[in-house]
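Colleague: Hey, I'm new to this one. Could you walk me through it?
Modeller: Sure, here it is.

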Amino acid sequence: MSESSAARLRFDGNDKLLLVGLLAVLSAVLVALGRTWWNSDHMSHGFLVPVVSYFVAAGRTRELAALPVLPDRRGLLALAASLALAFAGYLAPSMTIAGLGVVGSLVALLWLRRGWAWVAALAFPLAFLLFMVPPPEEWHGPLVVWLQEWASVGSVSALYQLGVPVYLDGYIIQMAGDLQVEVAEACSGATSLYTLSALGVLLAFMSLKRRRTRLILIALVLPAALIGNLVRVVATVLLCLRIGLEQATSGWVHTALGLSIYVVAVGLLLLADAALRRTERRLAA
């Protein structure tokens with residue numbers, strides 16, 4: 001890397017001042033976003049998304065060093081529009097709109113100071129920031145309902161196959177001895193689906209090279225999340241029958257079961273990623 005190329009990667013004082021200023025302007029919006037991540041089970045991964053995005057971008061140093069620095073004033077218009085969007089969402093309030101405004105503001109600032117070529121080169125880490133944007137309730141609500149229905153019906157069907165006498169009343173699984181387990185919103189699997197989606201996309205674009213293999217891995221996220229949650233509900237019912245309702249649905253047993261099933265789902269994605277990488281190597285040979 002030449003000295004002049006390396007210099008291009010060092011953001012000057014004005015760049016840093018503008019970034020700090022942007023974050024200060026957006027401080028109220030960022031605090032509201034952070035509160036949403038903290039209070040929502042399905043958005044707790046929001047704190048990690050900017051960190052992951054930063055390290056992915058930092059890994060493209062060599063590629064960025066070859067790019068010209070061409071500040072573009074059109075980025076200023078995009079920045080003004082994005083800030084307006086962020087505060088409109090904050091006041092509405094709609095954290096979906098506010099989050100999109102925050103991401104748009106970062107893209108616009110890079111466009112303004114470095115040019116569109118830098119935005120294009122950092123398209124993936126910038127787009128990955130969208131995983132920190134809370135989904136609109138108009139999408140999230142129906143998704144949770146569908147996941148609850150799938151987990152309820154699927155787990156009862158699986159228990160029938162295992163010879164366990166149960167029946168379904170809405171989202172409540174009724175067992176012998178008047179025991180019952182509710183597949184509530186927290187047990188719908190939405191949290192696993194959101195976090196596995198972010199992980200699946202990250203793996204697909206960082207580990208795989210071909211569009212088809214990337215799409216296959218991303219497509220596997222949904223069945224991995226559905227099967228993982230189904231196993232968790234079935235295991236919870238079996239534990240209720242063995243050790244009691246209270247012990248199986250609360251405390252460390254319930255937490256450990258949820259974590260272990262999630263780890264298994266992540267492991268399945270990693271195995272799929274490894275298999276797809278081997279496929280790519282065979283196709284390239």
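Colleague: Let's begin with Leu130: how exposed is it?
Modeller: Leu130 is partly exposed, at 43% relative accessible area. Buried is under 20%, exposed is over 50%, and partly exposed is in between, with a 1.4 Å probe and protein chains only. Keep in mind that this is a predicted model, where local features need pLDDT of at least 70, side-chain atom pairs count only at pLDDT 80 or more, and totals for chains, interfaces and linings use all residues. Residues are numbered from 1 along each chain as its sequence is written, and side-chain values use heavy atoms, leaving out hydrogens and water.

Colleague: Where does Leu130 sit?
Modeller: In the loop between H9 and helix H10 (137-161). Helices (H or I, at least four residues) and strands (E, at least two) are DSSP runs, numbered from the N terminus.

Colleague: Which residues make a nonpolar patch on the surface with Leu130?
Modeller: Leu85, Ile97 and Leu100 join Leu130 there, with about 300 Å² of accessible area together. Those areas come from the Shrake-Rupley method with a 1.4 Å probe, and for residues only the protein chains shown count as cover. Patch residues have over 30% relative accessible area and no salt bridge; nonpolar side chains (Val, Leu, Ile, Met, Phe, Trp, Tyr) are joined within 5 Å, like charges within 9 Å.

Colleague: And inside, which residues touch the most other members of the largest nonpolar core?
Modeller: Leu26, Leu126 and Met132, out of 38 residues in that core. H7 gives the most to this core, with ten residues. A core here is a set of buried Ala, Val, Leu, Ile, Met, Phe, Trp, Tyr and Cys residues joined through side-chain atoms within 4.5 Å.

Colleague: Switching to charges, how many salt bridges are there?
Modeller: Two, counting a side-chain nitrogen of Lys or Arg within 4 Å of a carboxyl oxygen of Asp or Glu. One joins Arg74 and Asp72 (2.7 Å, N to O). Arg74 is exposed at 53% relative accessibility, while Asp72 is buried at 14%.

Colleague: What about the other pair?
Modeller: That's Asp273 with Arg277, at 3.1 Å, N to O. Both lie in helix H15 (residues 251-284), four residues apart, about one turn of the helix. Asp273 is buried at 4%, and Arg277 is partly exposed at 31%.

Colleague: Which residues gather in the patch of negative charge on the surface?
Modeller: Asp41, Glu137, Glu138 and Glu185. Asp and Glu count as negative, Lys and Arg as positive, and His and the chain ends aren't counted. The place of a charge is taken as NZ of Lys, CZ of Arg, CG of Asp or CD of Glu.
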